[in-house]
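Reader: I'm new to this structure and would like a close look at one part of it. Could you pick a single residue and walk me through its surroundings?

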Amino acid sequence: RRNLAMSSSSHGRPPRFGKQPRYRSCKTHSGTLTEKTRYTEWGEDGSLGAELYDHESDPAELVNLAGRPESASIIKRLSLRIRERIADAQEKPAGLVQKPSVSQRKKK
């Protein structure tokens, strides 16, 4: 098994998940990077499109596989992974207590 931290498919970084602002016309994108692929959904839940690249056969990400019928099952699986990770990130860990912010403490 390859070391993911050193694999070319992760560009020297471990597999990751991200949701961050992008271009002005598209406020957010969500994506996941595996040992073999990078999958990104643009807009809310991929409403503005998607990208799927196979880093083993296309490390330069020149061929978007997202529109191909044979990619449907992997897209479904990776899209579900994104939804699950977003849901997990929104859950407050048990025992976590939020302290008042500096501005809230100054009001007291």
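Author: First, a quick word on terms: helices and strands here are DSSP runs, at least four residues for a helix and at least two for a strand, numbered from the N terminus. Keep in mind, too, that this is a predicted model.

With that settled, here's the overall layout. The protein chain has four strands and two helices, and reading along the sequence gives you the pattern β-β-β-β-α-α. There are 108 residues in the chain, and 29% of them are buried. As for the outside, the chain exposes about 8000 Å², with carbon and sulfur atoms supplying 53% of that. If you take the contacts between residues at least 6 apart in sequence, 29% of them join residues at least 24 apart.

Now let's zoom in on Arg81. You'll find Arg81 in helix H1, which covers residues 72-90. Is Arg81 buried or exposed? Neither label quite fits: its relative accessible area is 27%, so Arg81 counts as partly exposed, given that buried means under 20% and exposed means over 50%.

Who does Arg81 meet, then? Setting aside neighbours within four places in sequence, Arg81 is in contact with Thr32 and Thr34. With Thr32 there's some extra detail: the side chains of Arg81 and Thr32 make a polar contact at 3.3 Å. Gly31 is worth finding on your screen as well. Gly31 and Arg81 are 50 residues apart along the chain, yet their C-alpha atoms are separated by 9.3 Å.

Key: Residues numbered from 1 in each chain as written. Predicted model: local features only at pLDDT ≥ 70, side-chain atom pairs only at ≥ 80, totals over all residues. Heavy atoms only, no water. Buried < 20%, exposed > 50% of the residue type's maximum accessible area, 1.4 Å probe, protein only. Contact = heavy atoms within 4.5 Å. Areas by Shrake-Rupley, 256 points an atom, 1.4 Å probe, with all protein chains shown as cover. Polar contact = N/O pair within 3.5 Å; in protein donor to acceptor, adjacent residues only side chain to side chain.
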